[in-house]
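Reader: I should like to learn how to read an interface between two domains of one chain. May we work through an example together?

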Amino acid sequence: MKNGLRIIAVSIALCSSVAFGASNISAKKAIDGANAAYKQVAKETSYQWTVAVGAIKAAKKAFDKGNFTEAEALAAKAMKLVEATKLQAKIESETWQMRVPK
Amino acid sequence: MSTIRIKAKERNGLVSVKSLMKHPMETGLRKDKSGKKIPEHWIQDVVAEANGNRVFSVAFNTSISKDPYLAFAYTGKKGDVLRISWKDSAGKTDSAETMVK
Amino acid sequence: MKTIIQHLAFGLLGLSVSVTAVAGPEEDRKAFQNFYENRFPDTPVNDYQNGVYSILPSAREQWQSIEEFPPYELSVEAGEKLFHSKFANGKSLADCFGSNGAVREKYPHWDKARGMVVTMERAINECREANAEKPYGLKKGKIADVSAYMSFNSRGQKVNVVIPSDDSRALAAYEDGKEHFYTKRGQLNFACADCHMYTAGALYRADTTSPGLGHATSWPVFRSKWQEMGTLHRRFGGCHKNIRANPFKAQGSEYSNLEYFVSYMSNGLEFNGPAARK
Amino acid sequence: MDRRSVIKAAGIFTAAATAFLAMPRWAFAAYSQKAFKQKASIDALQNLYGSSATTVSDKITLKAPDIAENGAVVPLEVITDLKADSIAILIEKNPSPLAIKADIPSGTQGLLKTRCRMGKTTNVMAVVESGGKLYTASKEVKVTIGGCGG
């Protein structure tokens, strides 16, 4: 029973990757989006994470190899890291003074 | 300029010698940027002489740190001429001399 | 006078009217030093210049044994040679910094004409450029050698960073460095203050963090990890990489302002660079 | 600091000295490749002294850190009250344990200080050769890797 469910789940996953798999267009869009967001946060806040740069680079590499699904997933990961960077910058600008000893 | 730096000071008839030798001391285990192994290259022998008499000699393995440090003490006096020499695995040698203070 | 600073500080920090008074740099420094005095009551203030060894006796022994014949002495020698070697125009660094370059206590300082913090390493390169020579790289090699020679001859000078009151931009630079010290960065979400203040002396994996007081006094440093000399800004960059934040450019405004702040916090301590560290 | 003048003096001397110095008057000892290449301490001792029979002695002090700050540069010091003919240091977990062997002529102290590399946590053994016998002192040195400094 459990095994059966697992097989179904796996086949759904496989199907969806075929049906909705990333194309070179959507992957490129995701990478460009992450890259632009990264640069914007860096410019606006001076906050930059090495891991975000790493994810963007890895996404580009996967893209060049034609692994568009992987490239899109990595770009999405980069985007999340950039969002987190942005959030960190926002929180810190409001709270850093709490750490200054009085 | 010599690769060897020596500091030698006498106190109560005992000369304390400290020396630092500039040398890469390659272990043969390290790799360069392209992933190629850097061949081993290390100081094998060091001899110290005071006024021409051997007062200390030592043999190193590759496990001695880069720019080897060596300190010892011998019975001697101010004004002794202390000479330290090394020879490495490539057959190169170097020497330096100092006056005991 | 004080009210002017407070006023500026309010404006700079973008704070709305608040009942609590905002402290000026001198109050900051006192509170900063008090913090470490309370945290490490056994460490005399003038020992913080020895970094983590001021609070870690087991490592201190190894350090002292390295100091018996420290590897940076070779760098001091190399720096001496560079310092006195003639530029193409016949001058040398000695024409900018005096016969032995013992000017560590003058840096970092506020340059009013240009409205920026000038570190000693920047001044070394500006001296070269003013004499039509190429500047040195900023993190290691010749810049560290020259800095080591000048710092060595300056040993015993006191850190004495001044924030001139007649230029509000100086206080702004200080505040920028201060904000940098206290804000969390990188994926690991650490501020300088997290590791080097509130948990100074704690283990991060296999390493004990050093106290922030005295951080800028002993540079340049021969780090065993590097197996060579490096500048303070090289270390700043390494710290940022450790917390997975992109490092800033050496001698850029971020690290220069941070050096300005950190050095100010160590006012009164002795410059004792160059030094050996793990 | 008079360290400054020491450096300067050393610099002048060494510069002058190298001009006419090439080799020591005393020849270098025949380097014992075999002993230094051995993978086990016991074999290194056998190669070096023709014996691996050792006695633990409280007349040897081996100064080594409990925890090495950096495995690439671990300060080690051996001091002995025994009438030493030679002092050797073996780092047991290194690929080839024998790190250094010093010959001590009479008139020279039973003292050896140096800095060694250690790849991982290991037992360190100081061996003093005295009157044809081998005496030892040992200490474990922890080598940690990782963290902000490592």
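Author: The turns that follow concern the two domains of chain C in this predicted model.

Reader: Which residues make up domain 1 and domain 2 of chain C?

Author: Domain 1 comprises 24-68 together with 166-277, and domain 2 comprises 73-153. Their C-alpha centres lie 22 Å apart.

Reader: How should the size of the interface be expressed?

Author: The size of an interface is often given as the accessible area lost when the parts come together. Here, domain 1 and domain 2 of chain C bury about 2100 Å² between them, with 63% of it on carbon and sulfur atoms. On the side of domain 1, Thr231(C), Gln251(C) and Phe271(C) lose the most area to domain 2, together 28% of what that side buries. As for contacts, 24 residues of domain 1 touch 24 residues of domain 2.

Reader: How many salt bridges does the rule find across this interface?

Author: The rule finds three between domain 1 and domain 2 of chain C. The side chains of Lys112(C) and Asp166(C) form a salt bridge at 3.4 Å, N to O. Polar contacts between the two domains amount to eight residue pairs.

Reader: Which elements of domain 1 give two or more residues to the side that touches domain 2?

Author: In chain C they are helix H8 (168-182), strand S6 (228-230), helix H10 (232-242) and helix H11 (253-265). H11(C) gives the most, with five residues. By class, this side of domain 1 has 10 nonpolar, eight polar and six charged residues.

Notes:
Residues numbered from 1 in each chain as written. Chains lettered and ligands numbered in written order. Predicted model: local features only at pLDDT ≥ 70, side-chain atom pairs only at ≥ 80, totals over all residues. Heavy atoms only, no water. Domains from an automatic or database assignment. Contact = heavy atoms within 4.5 Å. Buried area = accessible area lost by both parts, 1.4 Å probe. Salt bridge = Lys/Arg side-chain N within 4 Å of Asp/Glu carboxyl O. Polar contact = N/O pair within 3.5 Å; in protein donor to acceptor, adjacent residues only side chain to side chain. Helix = DSSP H or I, 4+ residues; strand = E, 2+ residues; numbered from the N terminus. Nonpolar A, V, L, I, M, F, W, Y, C, P; charged D, E, K, R; others polar.
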